[in-house]
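I opened my notebook to look around a new structure, one stop at a time. Follow along with me if you like.

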Amino acid sequence: ETRSVLSVLPIPMYFRSPWHFLLLFPAIHAISSAGYNATDEFSIMVNGAPKTLQYRRADGPYELRLAIQNFVSYYGISQGFGCISEACVAGVIEAELRERSGVCPKSKYLDLLAKSLRGELHTERLRTAVDAALGFNDLWPSLALTMVQQVDLDTLRWMVETVVAEGVPARVVLESGVWRGGASIFGAAVLEEALAAPGARSGGGGGGGGWAVVLCDSFRGLPLTSLEGEDTDWWWLQSKLKVGEADVRSSFKAHLPDIPILEESPEESPEASPGDGQIEQRSAGAAPPMIAARFFAGYVRDSMPKVAAFLDRRNAAAVTHAIPGLGDIAILRIDLDMFEGYMDVLYALASRVPPGGFMIMDDYFVEPGAKKAVDLFREIHGIGAGPPSPPSLEFGDERLRTLGSGDPAVWWRVARRVRVDEGKRLAFEQGRRPSQGFGIEVRLSLELPPPSTHVVVIEQRVGEDLKGAVRAECGKLFAATTGPGQAVVRAEDRALLPFYDVPGCVAELLPMAEARRREGNRDYLGRPLPA
């Protein structure tokens, strides 16, 4: 496959250094085997001798940056282009090669949007002051709409531009675990730009339909775990992750006012014909296909069936346009921290990503549960297993790709559609205990004051008041005999309890339980979550 001829501007001649004759000549040509292994070759004159920098655009923008950095470091190029360091030279070369190769070329709009979403347009002094006032930090920034690094946004941009340019047969960009919505906002903006570009192959997934950007989140933080031993209820108490849907919608509309948000409608029908509800263009002619956003609120265990139904049936929009059954997902991004969240989404949606689509897994290098879920799902379904893919395989070997030191995310490009192992999925479901939305209103772990080391777990079931749940647990503490589900405390441990009977236990534990429940039901600004 022959790529376009690439060229890079020469170093200005007035630089007085051993490297002032370093010239980056036009690339000889970018030729390699077709498809996934296609390679761009950049011929670069170093100290009078031609050197070749090779890069596969299928590896994404981070690998391009890494190839350039390694090239510059290997040949010790530290001056030129007004630079006096290898990092500076690498940055200049990267900017030029991105432009020439089409891998995330410079875009003032998208670059500025990324800085805005990452909170970088505010002064350091303001960021520090607001972080201190609200109890935030660099990990969970107060003024940013996303926690992901710039390289993550660059990679997301490249993926969106790739699926549009190549006409991958899918028309959905879906994120599960959106926090304040920054990554989804950026992906939607890139999609809008890509579809408006001349020659965009926007008809992927059925010929001429519109695209959907889908944002899935509980909008009240992470759930109580339903898998004992895999996750902990600590996640449920993390108020900084509890960002309401109204806040995310407001940010989405502020940044992308031209993209309508679909609402659940009575007109949605699983019986609609496949051809019903085609997008009506806003005007005749060359107007770009419409993009619409769709929000799904709820913990993933509950919301994934609704997402699947949305993808399968006609979806009428309140803005006089309609999106037909969308079917497949071009880019699936998961940022859910917990083992069960990743497994829920992968079992529900991985089979909907066609060859050529992308899967992004955040948290892989920072949360053991996330890593375990990704590795387990890939192992069960043989993703990336076996010998390296032959050159004829269009989208590669599905190996995990990283985004550099310190970045928690991994990604892979789908080469074969996943066929979910229903037996494994069913076994996963059968191993779960009741959780929110599935029989449990709330579960509270209360540490008793010293000298006792006992932890009391209060499970308030749906329809039960908290006092009744506390009384039931206190009854177990003082039970004379062991019964089904009773956690009887040994006599020697009972002597250390700060109370002597069930009424005293209720009087001690009920205020603790009420305080813990209030703590878990506050958002990132300390406001009570809506009922």
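**Entry 1: a helix residue.** I began with Glu 94, which I found in helix α2 (residues 86-101). Helices (H or I, at least four residues) and strands (E, at least two) are DSSP runs, numbered from the N terminus. Is Glu 94 buried or exposed? Its relative accessibility is 12%, so Glu 94 counts as buried; buried means under 20% relative accessible area, exposed over 50%, and partly exposed in between (1.4 Å probe, protein chains only). Apart from neighbours within four places in sequence, Glu 94 is in contact with Arg 65 and Ile 68, where contact means heavy atoms within 4.5 Å.

**Entry 2: ground rules.** I noted that this is a predicted model, in which local features need pLDDT of at least 70 and side-chain atom pairs count only at pLDDT 80 or more, while totals for chains, interfaces and linings use all residues. Residues are numbered from 1 along each chain as its sequence is written, and side-chain values use heavy atoms, with hydrogens and water left out.

**Entry 3: the whole chain.** I looked up the secondary structure and got 14 helices and 15 strands. Of the 531 residues, 50% count as buried. Among contacts between residues at least 6 apart in sequence, 69% join residues at least 24 apart.

**Entry 4: the open sheet.** In what order do the 8 strands of the open sheet come? I read β5-β6-β4-β3-β9-β10-β12-β11, with mixed pairing. β5 (261-262) and β11 (401-402) each have a single partner strand, so one side of each is left without a neighbour in the sheet. Two strands pair if DSSP finds at least two bridges between them. I checked β10 (residues 358-361) and β12 (residues 410-413), which pair in the antiparallel sense over 4 bridges. Phe 358 has Arg 413 of β12 as its bridge partner.

**Entry 5: just past β12.** Val 414 lies in the loop between β12 and α11 (422-430). Val 414 counts as buried because its relative accessibility is 2%. Its C-alpha atom is 5.5 Å from that of Gly 357, although the two are 57 residues apart along the chain. Beyond its neighbours within four places in sequence, Val 414 is in contact with residues including Pro 355, Gly 357, Met 359 and Phe 395.

**Entry 6: the cores.** A nonpolar core is a set of buried Ala, Val, Leu, Ile, Met, Phe, Trp, Tyr and Cys residues joined through side-chain atoms within 4.5 Å. The largest has 73 residues, and Phe 186, Trp 211, Phe 252 and Ile 331 touch the most other members. A second, separate core of 43 residues includes Val 414 again, along with Val 172, Ala 292 and Phe 296.

**Entry 7: an alternating strand.** I followed β15 (residues 455-461) and saw its side chains alternate. Val 456, Ile 458 and Gln 460 point to one face and are buried, while Val 455, Val 457, Glu 459 and Arg 461 point to the other and are not. β14 (residues 439-447) runs antiparallel to β15, and 7 bridges join them. One bridge partner pair is Glu 447 and Val 455.
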